[in-house]
Amino acid sequence: MVPLQWYLILAATLFCVGVYGVLARRNAVAILMSVELMLNAVIVNLLAFWRYSDPAVVVGQAFAVFVYAVAAAEVAVGLALAVSIYRSRQTVDVDQLNLLKW
Amino acid sequence: MTLQQIFFFVFAALTLVGGLAVVTARKLFHAALWLLLTFFGVAGLYVLLEAPFFAAAQLFVYMGAIGILIIFAIMLTRGIMRQDAPRFNEQWWLAGLLAIVLLVVLGWLAWQQPWTTTAAPIREDSLHLLGLALVDPEGFALPFEVASVLLVMALIGAAMIVKEG
Amino acid sequence: MEFLSRLLTFLSNAIVNVGGWIEGLLVNLGLGEPLVSLAMGLIGAAVVGFFPLLVVIFLIWAYRKLIARMQGRLGPNSSGTWAGPYGILQTFADAIKMLTKEDVRPQGIDVVPYNLAPILVVVVSLMVWAVIPFGPGDALVGTDLTIGIFYILAFSSAGLFVFLMAGWSSNNKYATVGAFRAVAQLIGYEIPQLLAVLAVVMVVGSLRMQDIVAAQDVMFLVAMPVSALIFFLASMAEINARPFELLEAESELVCGYFVEYSGMKFGMFYLAEFMNTVAVAAIFTTLFLGGWRGPWVDQAPILGTLWFLLKMGLVILGWMFFQMTLPRLRIDQMLAFNWKFLVPLGLANLCVVGLVNKGIVAALVGEVSAWTQAGILLGANLVVILATWGILAASERRAWRRQETWQAAQAGELEVGA
């Protein structure tokens with residue numbers, strides 16, 4: 001049996017890789033990809049806890065279902081925004097999207 | 001080392017290598033393909049966690065829909081210049097430091113905490129129970145309906161945002 | 001005489017008995033228990049994996065021959081370029097041709113996705129065979145997953161990214177546009193496919209493939225014809241059959257996403273397309289035609305496999321009739337058909353089937369026979385068909401009247417803008 005800690009550390013590592021991607025990448029689509037990594041780590045965490053605590057309690061699985069729905073909605077709108085920004089500014093480099101700066 | 005642990009290491013390696021390749025890939029399209037590999041690794045992990053429905057949902061939603069959406073967005077936002085832009089911004093070292101600190105804190109927390117695990121066997125009809133709970137008025141029927149409304153809003157919103165003119 | 005009866009008993013459950021004999025052989029060789037089950041699993045996987053290849057070999061020949069005869073030609077035959085009696089060896093000729101063609105490597109391609117795409121296409125086509133039931137019992141299905149039909153849909157959906165890989169890495173405008181169109185079509189037509197399958201799953205109450213087959217005392221083709229029709233049409237788009245064949249339109253899009261592939265790599269795409277046909281035919285048979293069910297299956301389970309193959313053949317023949325007689329749709333016609341007709345119809349069908357099914361269970365207390373349930377569902381489906389027909393006829397009348405008005409205005413007989 002795989003100990004629970006292994007799953008948690010795997011999820012934590014994936015989450016931190018996603019954090020690095022969000023904070024360090026320049027392309028908006030790459031940032032959204034890193035956000036997807038973070039969401040995947042979260043769902044792994046949820047399901048690991050569901051499995052290793054009482055698997056008869058359905059809350060863990062139900063929560064994971066809603067995380068899927070929210071992730072899908074968020075990536076759709078985020079990518080629509082990225083495409084729209086590209087159309088008006090010809091770039092998706094977040095360092096150059098600074099119109100709201102002081 | 002039991003067979004389950006071997007499979008865990010295989011899928012964990014797939015996932016982590018894919019994740020690292022996503023954030024460090026030079027070409028954006030390659031990053032998207034590594035992301036698809038990461039999703040596949042995570043699907044394998046769900047099979048190990050005895051949640052086959054989520055493994056199939058991962059393949060369906062993430063690989064088959066979100067992955068494709070990301071690849072479409074990459075193709076639609078490609079610049080006129082063919083050479084790829086610099087990958088990281090100027091504070092990448094700070095981002096790396098933060099990520100490592102976060103990892104150390106989370107890892108230490110996860111490792112030394114005495115989690116109460118039961119490792120009870122999965123019931124035969126756990127999928128059935130999940131379905132029942134999602135439509136039970138005292139279960140998760142309301143979040144289920146709200147999630148549907150959220151998805152419709154996202155659909156309409158995304159279509160409106162990219163509409164031309 | 002006794003030998004004959006023993007032979008018949010052995011043959012009546014042939015596949016299981018052969019498997020048992022092989023297992024006995026392995027145990028006698030002295031292998032330990034886990035190795036024997038591992039070896040049996042590998043042998044089973046190899047058989048299930050080779051089965052679609054064998055069917056495809058026959059299918060390619062049948063396809064060419066039937067199309068030719070329907071169009072008044074001869075097709076592959078034994079005169080001219082000899083391809084065996086009746087042209088049976090045509091498939092082997094095709095394979096040899098593809099193996100001996102030059103493996104062109106275009107300039108500027110992305111090497112890893114370019115070479116990986118043909119392999120992954122075939123892999124995804126093969127993966128769905130693990131859960132298709134060939135006969136009664138546990139031994140004649142690869143693995144009876146709890147999420148059977150969902151696994152199949154998930155893999156068909158997950159396999160879409162290979163087209164983008166193939167199109168993008170080919171460094172070719174036409175390939176990229178072709179890949180975009182391919183993914184737009186395939187993603188779009190997944191939704192009515194999913195809705196039709198959902199209607200079936202709702203009536204059965206389980207995702208397991210063997211449960212779906214076991215619940216079909218009356219074929220779901222008879223009980224739920226609208227779902228069957230939606231699944232039939234959506235599957236034709238998923239396998240690129242003729243009305244929806246835009247993805248490999250030689251005359252319009254220069255072969256779409258596999259324009260830069262030659263030789264065996266193209267052979268892989270070609271093979272995967274036919275294997276998809278066989279796989280989706282198997283799924284349609286299991287979902288709507290009753291899978292392996294038929295007369296005398298209880299006594300001789302091998303007959304179950306035979307009925308399954310016959311039904312699969314009928315479905316493929318049905319698709320071939322469409323392929324041989326209809327021209328290709330344009331991309332906008334195809335997408336309009338999907339989003340403006342199939343998806344609303346699928347949703348309406350899902351609502352109606354769900355309501356009627358719950359109504360049957362709630363209203364008719366006590367056991368309802370399968371025929372009664374099928375009859376009520378058929379009635380509900382006929383109502384849906386009539387309603388759809390009425391709506392289509394009304395909108396056609398409106399369009400006709402609008403066109404008459406427009407023509408009259410152009411001829412100057414009508415006061416416009418008064």
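Author: Before we start, a helix here is a DSSP run of H or I covering at least four residues, and helices are numbered from the N terminus. By that rule B:Val17 belongs to helix α1 of chain B, residues 3–24. One caution: this is a predicted model.

Reader: What makes B:Val17 buried, exposed or something in between?

Author: It's a neighbour count. Buried takes 20 or more other C-beta atoms within 10 Å, and exposed takes 12 or fewer. B:Val17 has 14, so it ends up partly exposed. As for its surroundings, the C-alpha atom of B:Val17 is 9.0 Å from that of B:Leu37, although the two are 20 residues apart in sequence.

Reader: How do you know how sure the predictor is about chain C?

Author: From pLDDT, the predictor's confidence in each residue, on a scale from 0 to 100. Chain C averages 86, and 96% of its residues reach 70 or more. Within chain C, helix α2 (residues 14–28) is lowest at a mean of 82, while helix α11 (residues 225–238) is highest at 93. For the model there are also two scores, ipTM 0.92 and pTM 0.90.

Reader: Why is chain B called more spread out than a compact globule?

Author: You set its radius of gyration against the globule rule. For 165 residues the rule gives 15 Å, and chain B has 20 Å, well over that, so it counts as more spread out than a compact globule. Its C-alpha trace spans about 55 × 45 × 30 Å along the principal axes. The chain has 6 helices and 0 strands, and 33% of its residues count as buried.

Reader: And how does chain A do against that rule?

Author: A compact globule of 102 residues would come out near 13 Å, and chain A has 17 Å. The C-alpha trace of chain A spans about 50 × 25 × 25 Å. Chain A is built from 3 helices and 0 strands, with 55% of its 102 residues buried. Among its contacts between residues at least 6 apart in sequence, 51% join residues at least 24 apart.

Reader: What places the largest nonpolar core with respect to the two domains of chain B?

Author: Start with the domains: the assignment gives domain 1 (1–82) and domain 2 (126–165), and their centres, taken over C-alpha atoms, are 24 Å apart. The core has 191 residues, and A:Val29, A:Leu47 and B:Ile70 touch the most other members. Both domains of chain B give residues to this core, so it lies between them. For a closer look, take A:Val29, which touches residues of chain B including B:Leu28, B:Ile70 and B:Ala73, as well as A:Ala82 and A:Val92.

Reader: How do you know which residues of chain B are in contact with chain C?

Author: Two residues are in contact if their C-beta atoms lie within 7 Å. On that basis 14 residues of chain B are in contact with 18 residues of chain C. Helices α2 (28–48) and α3 (52–76) of chain B each supply at least two residues of that side, and α3 of chain B gives the most, with 10. By class, this side of chain B has 12 nonpolar, 2 polar and no charged residues.

Reader: What makes the phi of B:Glu50 worth a second look?

Author: Its sign. Most residues other than glycine have a negative phi. B:Glu50 is not a glycine, but its phi is positive, about 55 degrees. B:Glu50 is in the loop between α2 and α3 of chain B. With 15 C-beta neighbours inside 10 Å, B:Glu50 falls between the two cut-offs and so counts as partly exposed.

Reader: What about C:Trp296: buried or exposed?

Author: C:Trp296 has 11 C-beta neighbours inside 10 Å, so it counts as exposed, the cut-off for that being 12 or fewer. C:Trp296 has a positive phi too, near 65 degrees, and is placed in the loop between α12 (264–288) and α13 (301–325) of chain C.

Reader: Last one: why is C:Lys65 called partly exposed?

Author: Its count is 19, and buried needs 20 or more, so C:Lys65 stays partly exposed. C:Lys65 is in helix α3 (residues 33–70) of chain C. Leaving out residues up to four places away in sequence, C:Lys65 touches C:Gly75, C:Pro76 and C:Gly87. The C-alpha atoms of C:Lys65 and C:Gly75 are separated by 4.9 Å, with the residues 10 apart along the chain.

Technical notes
Residues are numbered from 1 along each chain as its sequence is written. Chains are lettered from A and ligands numbered from 1 in the order in which they are written. This is a predicted model: local features need pLDDT of at least 70, side-chain atom pairs count only at pLDDT 80 or more; totals for chains, interfaces and linings use all residues. Ala, Val, Leu, Ile, Met, Phe, Trp, Tyr, Cys and Pro count as nonpolar, Asp, Glu, Lys and Arg as charged, and the others, Gly among them, as polar. Domain bounds come from an automatic or database domain assignment. The radius of gyration is taken over C-alpha atoms; the globule rule is 2.2 Å times the number of residues to the power 0.38. A nonpolar core is a set of buried Ala, Val, Leu, Ile, Met, Phe, Trp, Tyr and Cys residues joined through C-beta atoms within 7 Å.
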